Amino acid sequence: MEKLIITGGKRLNGTVAISGMKNAALPILFASALTRDTCILQNVPAVKDIETTVAILSEMGVTVKYLDPTTLEINGKNFKPCTSPDKFVRKIRASSYLMGVELGLAGRTRIAFPGGCDFDGGRPLDLHMKGFEAMGAEMRTYSDGYMGEAPDGMTGARIYLNKASVGATVNLMLAAVLTPGTTVISNAAKEPHIVSLARFLNTCGANICNAGTSDIHIEGVSALHGCTYRIPPDMIEAGTYMAAVAGTGGKVVLTNVYPEHLQATIDKLREMGVTVMANNALETVTVISDGKLSAIELETQFYPGFPTDMQPQFASLMAVAKGTSVIREVIINGRFAYLEQLKRTGVKTIGETKDTAYIEGVEHLTAANMTATDLRGGAAMVMAALMAEGTSEIRNVHLIDRGYDVIERKFSALGADIRRCDDDPDAQTLSSTKAPLQSPT
Ligand code: EPZ
């Protein structure tokens with residue numbers, strides 16, 4: 001097990017290149033199994049969830065070759081549905097996308113219960129199941145996971161989602177692209193990852209219209225072909241670095257970003273008193289902050305609203321903002337587990353319910369030992385440690401590695417004092433510029 005050791009109080013300055021979007025790359029990797037041809041995916045982030053996905057696909061017969069650390073060559077010719085390895089499926093939430101792929105290709109599916117960040121409110125898949133059933137599959141749970149079969153084959157259907165779920169929208173798109181007839185997903189998620197998945201699939205010959213709106217139309221096609229596709233930049237990784245600069249003070253230029261994906265985050269940072277300059281043509285965002293922040297009210301919403309995946313990082317900013325801030329978490333129940341850890345640094349809440357937190361700004365945070373509770377909660381702890389006086393330690397770094405490409409290397413390059421160590425006190429420091437995550441051969 002590894003931990004991060006961070007000595008706070010350093011301003012962040014310089015340039016940081018943002019990696020590809022994890023939550024777009026994951027469904028696109030699974031979607032690559034829908035074609036028997038070769039796909040080349042560029043700008044794939046070097047994060048743990050991608051490694052796990054590659055391990056799942058490889059065990060199912062897909063050939064995955066790293067052409068360089070962020071470019072993958074994938075061939076799904078030998079993909080064997082219903083053979084997913086339980087131990088890897090249980091590690092990530094996105095493994096649920098295998099259901100859509102398997103039903104679309106073979107009319108049957110079997111997977112272990114998917115894992116991923118564990119929130120207090122649970123993460124149901126009922127909307128995925130309902131959609132598959134509307135398309136002709138009979139779905140059921142068994143002791144270890146989910147199974148389904150379409151006795152008369154899958155057919156296109158009109159599906160209404162009770163919530164604009166990202167996962168359900170992805171899964172139903174994956175199931176529908178090779179399914180005969182027309183599928184319409186109403187109240188679909190509009191997140192950039194959905195648009196990106198549709199672009200990838202359409203480049204492979206799918207017929208998907210209106211992705212990015214509430215009503216996605218999919219006309220089933222008989223086969224997909226290979227393509228080369230570049231994953232767009234990760235708006236949450238970008239938002240995290242922007243928020244970190246806001247909190248520590250300094251001036252940082254983010255490159256490889258799409259400012260239009262960051263509007264809600266930019267807007268809230270400006271409201272807190274931070275200078276943010278976006279350049280669409282250059283695909284850069286510049287953040288300038290003196291570290292003096294004002295309290296804000298924030299409510300998470302489906303895209304283009306403020307992303308739930310950025311609310312923990314903003315809690316760390318609110319902790320030192322003048323006045324009382326409010327977070328209303330509307331999308332994911334019970335996404336406040338990280339707050340208990342943040343309080344160790346002096347973060348002060350003056351009221352908390354299941355979905356609302358009131359945070360009163362304090363003068364400064366103090367170093368503390370914390371344990372990451374989940375991916376974005378862990379990122380919020382890194383931010384708090386960067387702002388705090390003294391040296392903090394953060395355990396459970398593997399949860400942060402799920403979605404951030406060697407976080408200590410990017411922060412070190414911006415001037416932060418951050419390094420990774422083995423959690424075993426007798427083990428040696430692993431250094432602040434750890435080698436990139438190993439690419440499977
Ligand atoms: C995706 O999770 C992301 N994960 C999450 O990112 C992100 O927090 C979330 O979308 C919201 O934006 C991936 O893309 C791999 P949802 P997902 O289905 O698909 C309810 C991160 O940090 N719901 O849009 O699981 C659900 O309980 C991660 O990168 C149902 O009720 O989220 C939640 O309240 C964490 N029934 C809401 O919808 C269902 O069948 C949104 O969930 C499905 C969802």
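Visitor: In which loop is Asn-210 found?
Guide: This is a predicted model in which local features need pLDDT of at least 70 and side-chain atom pairs pLDDT 80 or more, while totals for chains, interfaces and linings use all residues. Residues are numbered from 1 along each chain as its sequence is written, and side-chain values use heavy atoms, without hydrogens or water. Asn-210 has a positive phi of about 70 degrees although it is not a glycine. With helices and strands taken as DSSP runs (H or I, at least four residues; E, at least two), Asn-210 belongs to the loop between strand 11 (207-209) and strand 12 (215-219).

Visitor: What is the omega of the cis peptide bond that joins Tyr-303 and Pro-304?
Guide: Pro-304 lies in the loop between strand 17 (297-299) and helix 10 (311-318). The cis bond joining Tyr-303 to Pro-304 has an omega of about 10 degrees.

Visitor: Which element gives the largest share of the shell around the ligand?
Guide: The ligand is surrounded by 21 residues (a heavy atom within 4 Å), and the closest are Asp-126, Ser-165, Val-166, Asp-309 and Ile-331. Elements that give two or more residues to this shell include helix 1 (22-31) and helix 12 (375-387). The largest share, 3 residues, comes from helix 5.

Visitor: How far is an oxygen atom of the ligand from an N or O atom in the side chain of Asp-309?
Guide: Taking polar contacts as N or O pairs within 3.5 Å, a ligand oxygen is 3.3 Å from a polar backbone atom of Pro-124, and a ligand oxygen is 3.2 Å from a side-chain N or O atom of Asn-23. For the side chain of Asp-309, the corresponding distance is 2.5 Å.

Visitor: Between which domains does the ligand lie?
Guide: The domain bounds come from an automatic or database assignment. Both domains give residues to the shell around the ligand, so the ligand lies between domain 1 (2-19 + 233-431) and domain 2 (22-230).

Methods
Polar contact = N/O pair within 3.5 Å; in protein donor to acceptor, adjacent residues only side chain to side chain.
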